[in-house]
Amino acid sequence: MKDLSIFVDESGDPGTESKYYLIVLVFHEQNEGFARYEADYRNALNRKGLRDIPLHLSPLLNGNDGYKGMDVEERKKYLAAFRVFLQYLPFRYAAFSYKKSELDANMMAPRGAIKRIRRDIAVFLLDHLDYLQQFDEVKVYYDNGQALVTQALHDAVEFALSKEAIVYRDASPARYRFSQVADYICTLELEAIKYANAETGATGNLFFGMRKRFERDFLKKLRKHRL
């Protein structure tokens, strides 16, 4: 039996100052070994004297939540360890990005945003149907952050794939390492948009460097995993 897990994350909730909205799908084939990569990551944290905090990149960058009280250099060590972990981890991903103003005047209004997101995800899944149909079961992990996005995601997956092949499960970065991967990718893809539009702030420059360094050390390595 061959199973596929899809972990979902989003960035740019309604009401925030962000001009953009992103959804990331992370694909992991469950027959691909994961334990040794997990062990290597834990060992890397241990060598650096770091605790295994479930990665949440936005709080890491801003020094909030589990990273509160840590100095910049310590938080950079967490970022570096996770970046190396992802470099070798077996996964693929897809990212969907939007300007909120192009979705709808009210970003999460039922008409507009949900139709656009549902269509884009469905088209992507249909374009990769040969890949997806080789799996006996597809499990979608999503923390159901926004009801309308959840509905768009469900509708798109069920339209493109056999409904019987889908199992929806709640997920959170604290419970699943690949949810942390999805969170990391969401933030990096958002930063890529900001760099491209000269909108990155001091925090982005502090952790990722100027645009050329960001693209060389972070984005280029990450996008080798795109589906």
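1. Let's start with the second largest pocket, bearing in mind that this is a predicted model. The volume of the second largest pocket comes out at about 160 Å³. Its lining is made up of Tyr37, Asp40, Tyr41, Ala44, Arg47, Ala81, Val84, Phe85 and Tyr88. Two elements give two or more residues each to that lining: helix H1, spanning 35-47, and helix H3, spanning 72-88. H1 provides the largest share, with five residues. As for chemistry, the lining of the second largest pocket splits into seven nonpolar residues, two charged ones and no polar ones.

2. Next, the enclosed spaces. How many cavities of 30 Å³ or more does the structure hold? There are two of them. The largest cavity has a volume of about 60 Å³. If you want to find it on screen, pick out Arg83, Leu86, Gln87, Tyr184, Asp217, Phe218, Lys221, Leu222 and His225, which line it. H3 and H10 each contribute at least two residues to this lining, and H10 gives the most, with four. The mix around the largest cavity is four nonpolar, two polar and three charged residues. H3 is worth keeping in view here, as it lines the largest cavity and also gives two or more residues to the second largest pocket.

3. While you have H3 up, have a look at Glu74, which sits in that helix. Is Glu74 buried, partly exposed or exposed? Glu74 counts as partly exposed, because its relative accessibility is 28% and the partly exposed class runs between 20% and 50%. Along the chain, Glu74 and Leu50 are 24 residues apart, and their C-alpha atoms are separated by 8.2 Å.

4. H10 has a residue of this kind too. Glu215 is found in helix H10, and its relative accessible area of 31% makes it partly exposed. What separates the C-alpha atoms of Glu215 and Ala192? The distance is 7.9 Å, for two residues that are 23 residues apart in the sequence.

5. Now follow the chain past H10, which covers 211-223, into the segment after it, where Arg226 lies. Arg226 has a relative accessible area of 48%, so it still counts as partly exposed, given that exposed means over 50%. The pairing to check here is with Phe27: the two residues are 199 residues apart along the chain, yet their C-alpha atoms are separated by 9.5 Å.

6. Two backbone spots deserve a look in your viewer. Asp65 is not a glycine, but it has a positive phi of about 50°. Where does Asp65 lie? It is in the loop between helix H2 (57-62) and H3. Asp65 is exposed, because its relative accessible area is 58% and the cut-off for exposed is over 50%.

7. The other spot is Ala198, again not a glycine, with a positive phi of about 55°. Ala198 belongs to the loop between helix H8 (177-196) and helix H9 (202-208). With 72% relative accessibility, Ala198 is classed as exposed.

8. Finally, the chain as a whole. Its secondary structure adds up to ten helices and five strands. Why does the radius of gyration agree with a compact globule? Because a compact globule of 227 residues would have a radius of gyration near 17 Å, and the chain has 18 Å. Along the principal axes, the C-alpha atoms fill a box of roughly 45 × 45 × 30 Å.

9. A few totals to go with that. Of the 227 residues in the chain, 49% are buried. Taking the contacts with a separation of 6 or more, 73% are between residues 24 or more positions apart. The accessible surface of the chain is about 11,400 Å², and carbon and sulfur atoms account for 47% of that surface.

Terms used:
Residues numbered from 1 in each chain as written. Predicted model: local features only at pLDDT ≥ 70, side-chain atom pairs only at ≥ 80, totals over all residues. Heavy atoms only, no water. 1 Å grid on protein atoms, 1.4 Å probe; cavity = no way out; pocket = protein on both sides within 12 Å on 5 of 7 lines; lining within 4 Å. Points joined across faces, edges and corners; volume = space filled by probe spheres on them. Nonpolar A, V, L, I, M, F, W, Y, C, P; charged D, E, K, R; others polar. Buried < 20%, exposed > 50% of the residue type's maximum accessible area, 1.4 Å probe, protein only. Rg over C-alpha atoms; globule rule 2.2 N^0.38 Å. Contact = heavy atoms within 4.5 Å. Areas by Shrake-Rupley, 256 points an atom, 1.4 Å probe, with all protein chains shown as cover.
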